Structures are given as structure tokens and as C-alpha cells.
Amino acid sequence: LGDALADGVGHLHVPALALLRAPMTDADLLQAMAAAGLGTATSRADVVVSLAVLGLARREAGLLRITDAGARLVERVGSILGESERVRSWDDGLRRI
């Protein structure tokens with residue numbers, strides 16, 4: 001994970017990759033990220049573009065597909081991703097109080 005972060009992978013890349021379980025268009029991934037509450041419209045667009053640049057996903061026949069490197073990254077940080085989701089739900093709950 002340290003190497004991935006040094007290579008420009010940010011906090012939204014792994015959740016975006018986790019959503020990319022099946023090939024999808026950029027628009028579908030952007031919509032899924034928005035539905036999951038990930039980032040702003042601009043940051044989501046930046047992440048989608050950078051997934052291919054970083055080699056975490058590839059474009060094929062108009063669809064974005066996760067690469068082996070992207071899948072390994074998701075696998076390595078899966079438990080961390082679960083923790084961040086829990087923390088985000090707590091933060092959301094506290095904001096409502």
C-alpha cells in the first residue's frame with residue numbers, strides 16, 4: 001500500500017476500484033461513486049481518469065475494467081476500506097445530532 005500511495009493513489013481510488021467489480025462506463029462509475037457518497041464531482045472525475053493512468057484500470061471497448069494491480073490493491077486494503085466506511089457512517093451520524 002505504501003508504494004501505491006507514493007505512486008499517486010489517493011483515498012478515493014480504492015473505494016472507486018471496489019465499485020468497479022464488473023466493467024462499466026466512466027459515467028456508470030461516476031454515478032456509483034456519487035451514490036456511495038465518495039468525493040465531489042470534480043474529485044470523482046479526477047479519480048476515474050487517473051485509474052487508467054496509474055494502471056489500476058484499463059479502457060477496453062468503451063468500458064473501464066479493473067487490472068490485476070487494481071484488484072491486488074483492493075484486496076490488500078479491504079479491511080481498511082471497511083474501517084473507513086464505518087468511520088464515515090459515524091461522522092455522518094454525529095453531524096445529524
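Where is the place of Leu-56? In this predicted model, Leu-56 sits in the loop between α4 and β1. Leu-56 is buried, with a relative accessible area of 6%. Along the chain, Leu-56 and Val-14 are 42 residues apart. Their C-alpha atoms are separated by 9.4 Å.

The overall layout comes next. The chain holds six helices and two strands. Read from the N terminus, the order of elements is α-α-α-α-β-β-α-α. The chain has 97 residues, and buried residues make up 29% of them. Contacts between residues at least 6 apart in sequence were also examined. Of these contacts, 54% join residues at least 24 apart.

The two strands form a hairpin. Strand β1 covers residues 57-60, and strand β2 covers residues 63-66. They run antiparallel and are joined by four bridges. Arg-59 has Leu-64 in β2 as its bridge partner. Two residues lie between the strands. In this turn, Ala-61 has a positive phi of about 55 degrees. Another positive phi, of about 80 degrees, belongs to Gly-55, just after α4.

Helix α4 spans residues 41-53. Does its length agree with expectation, and what values lead to the answer are simple to set out. The helix has 13 residues and should span 18 Å at 1.5 Å a residue. Its end C-alpha atoms are 19 Å apart, which agrees. The buried residues of α4 are Arg-44, Val-47, Val-48, Ser-50 and Leu-51. What covers the buried residues of α4? The cover includes α2, α3, β1 and β2.The nonpolar core brings several helices together. In soluble globular proteins, nonpolar side chains tend to be buried together. The largest nonpolar core here has 19 residues. Those with the most contacts inside this core are Leu-17, Leu-20, Leu-29, Met-33, Val-47, Leu-51 and Leu-64. Helices α2, α3, α4 and α5 each supply at least two residues of the core. Helix α2 gives the most, with four residues. Met-33 also has contacts outside its stretch of sequence. Leaving aside residues up to four places away, Met-33 touches Ala-16, Leu-19, Leu-38, Arg-44, Val-47 and Val-48. Two of the residues touched by Met-33, Val-47 and Val-48, are among the buried residues of α4.

Helix α5 covers residues 68-76. Which residues of α5 are buried? They are Gly-70, Leu-73 and Val-74. Seen down the helix axis, these buried residues fall within an arc of 95 degrees, so they line one face of α5. Asp-68, Glu-75 and Arg-76 are exposed on the other side of the helix.

Charged side chains were considered last. Side chains of opposite charge can pair when their charged atoms come close. How many salt bridges are there? The count comes to three. One of them joins Asp-26 and Arg-59, with the closest N and O atoms 2.6 Å apart. Asp-26 lies in helix α3 (residues 26-35), and Arg-59 lies in strand β1. The pair therefore ties together parts that are 33 residues apart in sequence. Asp-26 counts as partly exposed, at 27% relative accessibility. Arg-59 is also partly exposed, at 44%.

Another salt bridge joins the side chains of Arg-58 and Glu-60, at 3.0 Å from N to O. Glu-60 also forms a salt bridge with Arg-65, again at 3.0 Å from N to O. Arg-58, Glu-60 and Arg-65 are thus linked in a network of salt bridges. Are these residues buried, exposed or in between is answered by their relative accessibility. Arg-58 is partly exposed, with a relative accessible area of 38%. Glu-60 is partly exposed at 34% relative accessibility. Arg-65 counts as partly exposed at 24%.

Terms used. Residues are numbered from 1 along each chain as its sequence is written. This is a predicted model: local features need pLDDT of at least 70, side-chain atom pairs count only at pLDDT 80 or more; totals for chains, interfaces and linings use all residues. Side-chain values use heavy atoms; hydrogens and water are left out. Two strands pair if DSSP finds at least two bridges between them. Buried means under 20% relative accessible area, exposed over 50%, partly exposed in between (1.4 Å probe, protein chains only). The arc is that of the directions from the helix axis to the C-beta atoms. A salt bridge is a side-chain nitrogen of Lys or Arg within 4 Å of a carboxyl oxygen of Asp or Glu. The expected span of a helix is 1.5 Å times one less than its number of residues. Contact means heavy atoms within 4.5 Å. A nonpolar core is a set of buried Ala, Val, Leu, Ile, Met, Phe, Trp, Tyr and Cys residues joined through side-chain atoms within 4.5 Å.
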